[in-house]
Amino acid sequence: MDQIRQYGRDSDHEAVLALTERLSLIIGDSGIGKSAFLSTLDEYWPSHALISRPIVLKSVEGALQNAIADGISDCIATFLRDDSQSRHAWTVINAIARRAGRVTGREIGAAVVSSAVELLESKLGKEAVSLGRAVLGDALKGGALGLDDRLSSIRATDLAQELCGLLAELSETTQRPVVIRLDNAERLSPPDHRLLAELASALSGDVRLIVCVTPHHAEGDEVVRLTQSRGAGSHSLQALSRAAIDEWLGQARVPRSQWDAIARLSSGYPFFVDDAVRAVAHGGSLDEINAPDGFDALMRDTWSRVSLPIQHIVVRLSAFIDPPPDEFVAAHLGQDPLQWGLTRRSLVDLGVFVQRADGRLWFHDRRRDFIWRRVLDITQRSYVAREALVALTEALESEEIVPEWLPPSAALLSRCSVRPDGDDLSSVLAMTDASIAVLWALLEVMEPDGQWRGFVGIPEVLRYAEARAKIQIDPLEAIESLERWGLIKAVELEDTRLIRATIPNAIEYATLLGEIYLRFHATPRPGFASHAFTRHIRPQLPGFDRAVISLGRATLLDHKENVAALRDPKTFRMESDTPALGATIIVDEQPVSFTAKFSTWEQRDAAVDKLETFSVTSPYVDVERLVPLPQARIRYGTYREGVAASELKLVSTTVANAADIADYLDLLVACAGALRQVSTHEELEVLGLGGRRYLLDGQGAPERWTTYELSTDSSARTRQLPSELIVSPRDPLFEVRLRADGYLHGQERILRTTSHFRSTGSIEHPMTTLLESIDKVGRSFNSGLRSVLVPAKANLIQGEIRRERERVWAIADALSAAGLVDHPPRRRSLMISFAEHKEPAFRTDFGSWFATVLEVDDGKGEVVVLEETNPARSNREWGAPVPAEFETHAGAEVVRRHDGFADAVLGPLLGFGRDDRLHFTDLESPLGKMLRGSRSYDVLGISPKGIHRGNPS
């Protein structure tokens, strides 16, 4: 259990080192980590000390003397190993062996030194200790006998006194502290109990004996009593704090969703934490956590020492996994607060209660489970459970929400109790893990102020259920069984299939929460997203006004819609003037998104700065994505430019039957797939260019048909649905039935359902449909966002257009690679001039800028931008061939010329749509300088704060 040395024990080490008594006890319950703690003391002790390895004591008489002798041997070997080639070091050890006070002492010294030399020889080799054998001479003795046998052959009136003298001699002669570490003192025989107590006063010199002992049973308590009566010092190890456990689990990469369960099951005892870490690392269950050797025996011994009246109290309390409030416990036991306080103290003294990781005094979970399952028989358990369950039901009547301590106990008690009113909670207890997981997902996905008033999309619930519970779910079987139990209600609304939970009463709701914990070792969090935001994020955003919170990864479209919803309708404030922040965080392995509105830009920027470092300071949250809002405009116009450059012929397609429609849909998927290859993450999520495929109900084709657009990662072709599956597409379980019959796989889901009606047998080209969709969505996304200022700088405009032209060619190349066009694009070069008209009739606040574009079909795809000082000349004279001002292309034939207002002419070349608002201006003018420092406009080439910490998965 080496990992324990890293977590939560620094203050304990310091306390042990600060003890002044030569005999010091480390006292702690079984599993508290005494052995691991003892093994780490050498890392904290001054480096020059001679420290033995931890030596485990035995139950045979004489084990204590032998262990001390072993420890001395270790210390001597350490001293010699530090300087094994020095004659002086060997001379010192020889003197120690020969200077003991009596003949028996010299015999003991020789035996111990001989053992040390053999130990050193096993580590360094015979050649390394040859000098020592020569110096020690006849001080070495013992032959093939082990140290224990050598000591037993020596007749001494006071063997312990001789060993204490040898310890003092070793420390004095070497001028170094000597520390002997002994473990499991409770195993010692009664004579060794008394001998250990005598050592408390017999030890002398710079010598420390550090001894671990387990209390709360006869032998351990006797060791503590005897040694402390002779002046031994002591330090008690307590459960690790929750912060230490979390740090440990974080370093061990244990999923955060299991941290609460491990803290509860271990009660903060390092042995159990370590076993849980091992179980998780090997893919096991937390049910496989083992107890240390002798743990059950210790439980039985502790129980046998508890009086019958206290036993009666303890078994009644063992029904509660987590500690209830003091008022509840006192009422349940029929005690007043004073009586309960005294009872609790006696339970601590008996070792029945311990201080847990949360600081509460209650059972160690293993001790409580031992009493519940081993001490009580089934009849007694049923009686205790029925009584406790009635108390829980009554307690819930006065609560508005279910207290966090209550659900695990409710589930435990419901498993072995029939309630007096006849409701045995069988609807919850009889459910499969899959059905429980679906209900769990429903509770956590649903938000009180959600769009559907308590209902949640079925696909979202199913995906979340599998992710949260980490099990495979048969969705149709799980949902139909929940419907049979009357625990959910399913509806179809506006092509959206929804369900909600219908838990009949508070105790059944609490039992469900508890069943989730007992089955999956995870703490359910109803309204998970709101809970996560309130607990982890809200304290980091002191200046935010309001927020929209959701479970899952929000897209840029989601954030834009949320900002619109957050705007105060009573104030005239554009979206571009609203300081906001979108984010996705990971809590318990689940993504949670929020869009928060702020009063000022400074508050928004401060929140961004704080959250950027939040993952470093918080072990519970990873910040996956930060999106300062409003975002810059999407340059969706590049797609239309790219398709035009590819020379793809956008002709209508004739459809005569369902097979033709399926081919059309496959071609639509191929077009979108080609564009997807050259799209950014932001464009994919805004413009809807993610992976798609279709299911088709083509029974009425070609006059009418229905398509089901699916999000997918596969490249599967369109599948036609059989008539028996589409009897009622408005069935709330329609999508679940599609999945059950193999038409949906993995994370696929229906994005939208579209009914088509045609009066003719032709349909527009799929790319036309796709480009119209891109234009529509891009135009909608960009509406309300900040307008773009285009600085009147030729080099900047040239660089921006060159970048966009590279994307144009990439789109055209992708269409060619996909086989949608049969030739690579012909890359035309662009010669561009722009100029400002000074005449008042043409002037606006930003200036009146015009531009001319000359296209040269030379296959080079170059871009040259010049600012013309004489706009009248460029308008009248520039045509064919290319004028001399463009030195690299002077005289080349112009195949196309277009001119006009600069924003209309150059906007598409910069990637913007026709409806995007661009303003050419001189940023060095008074107006330009003012606008450059404001937040009212985005400036081309000067990127605003964009997406921080990555993109959506």
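The exercises below, each with a worked solution, concern a predicted model of one protein chain.

**Exercise 1. Overall make-up and confidence**

Find how many helices and strands the protein chain has, and what share of its residues is buried.

Solution. Step one is to count the elements: the protein chain holds 38 helices and 28 strands. Step two turns to burial. The chain has 953 residues, and 55% of them count as buried. Step three concerns the surface, where the protein chain exposes about 41600 Å²; carbon and sulfur atoms supply 49% of that area. Step four looks at contacts with a separation of 6 or more: 75% of them are between residues 24 or more positions apart.

**Exercise 2. Where to read with care**

State the mean pLDDT of the protein chain, then give stretches where the pLDDT is below 50.

Solution. The mean pLDDT is 84, and 86% of the residues reach 70 or more. Over residues 153–157 the value is below 50, and this stretch has 6 contacts in the model beyond near neighbours in sequence. Residues 945–949 are also below 50; for them the model has 24 contacts beyond near neighbours in sequence. Where pLDDT is low, the predicted coordinates should not be read in detail.

**Exercise 3. A sheet of 4 strands**

Work out the strand order of the open sheet that contains β18, and say which strands stand at its edges.

Solution. First, write down the order: β19-β17-β18-β20, with mixed pairing. Next, look at the ends of that order. β19 (719–720) and β20 (749–757) each have a single partner strand, so one side of each is left without a neighbour in the sheet.

Then take the pairs that involve β18. β17 and β18 run antiparallel and are joined by 6 bridges; within this pair, L695 has Y708 as its bridge partner. β18 (residues 704–711) is joined to β20 by 8 bridges, again antiparallel. Here S711 is bridged to R749 of β20. Strands of a sheet pair through backbone hydrogen bonds, either parallel or antiparallel.

Finally, consider the surroundings. Helix α31 (residues 658–676) lies across β17 (692–697), β18 and β19, and runs at about 165° to β17. For β18, 7 of its 8 residues are buried, so the strand is largely enclosed by the rest of the structure.

**Exercise 4. Cis peptide bonds**

Locate the cis peptide bonds that lead into P630 and P702, and place each proline in the chain.

Solution. The bond from L629 to P630 is cis, with omega near 0°. P630 belongs to the loop between β15 (621–629) and α30 (637–646). The bond joining A701 and P702 is cis too, and its omega is about 5°. P702 sits in the loop between β17 and β18. A hairpin joins those two strands through 6 residues.

**Exercise 5. Positive phi**

Decide whether R253 and D588, which have a positive phi, are buried or exposed.

Solution. Begin with the background: most residues other than glycine have a negative phi, and most peptide bonds are trans. R253 is not a glycine, yet its phi is about 60°. It is found in the loop between α11 (242–251) and α12 (259–266). The relative accessibility of R253 is 76%; exposed means over 50%, so R253 counts as exposed.

D588, also not a glycine, has a phi of about 50°. D588 lies in the loop between β13 (580–587) and β14 (590–598). Its relative accessible area is 15%; buried means under 20%, so D588 is buried.

**Exercise 6. Nonpolar cores**

Identify the residues that touch the most other members of the largest nonpolar core, and the helix that gives the most to this core.

Solution. The largest nonpolar core has 83 residues, and I26, L317, F353 and L392 touch the most other members. Helix α19 (residues 378–396) gives the most to this core, with 8 residues. Take F353 as a case: leaving aside neighbours within four places in sequence, its contacts include L317, W340, L361 and F363. Apart from this core lies another, of 58 residues, among them V428, A437, I488 and I537.

**Exercise 7. One phenylalanine**

Describe the setting of F734 and give the C-alpha separation between F734 and L476.

Solution. F734 is part of helix α33 (residues 734–740). With 2% relative accessibility, F734 counts as buried. L476 is 258 residues away along the chain, and the C-alpha atoms of F734 and L476 are separated by 9.8 Å.

How values were computed: Residues are numbered from 1 along each chain as its sequence is written. This is a predicted model: local features need pLDDT of at least 70, side-chain atom pairs count only at pLDDT 80 or more; totals for chains, interfaces and linings use all residues. Side-chain values use heavy atoms; hydrogens and water are left out. Two strands pair if DSSP finds at least two bridges between them. Contact means heavy atoms within 4.5 Å. Axes are lines fitted to C-alpha atoms, for helices over the stretch in contact, and angles run from 0 to 180 degrees between N-to-C directions. pLDDT is the predictor's confidence in each residue, from 0 to 100. Buried means under 20% relative accessible area, exposed over 50%, partly exposed in between (1.4 Å probe, protein chains only). Accessible areas come from the Shrake-Rupley method with a 1.4 Å probe; for residues, only the protein chains shown count as cover. A nonpolar core is a set of buried Ala, Val, Leu, Ile, Met, Phe, Trp, Tyr and Cys residues joined through side-chain atoms within 4.5 Å.
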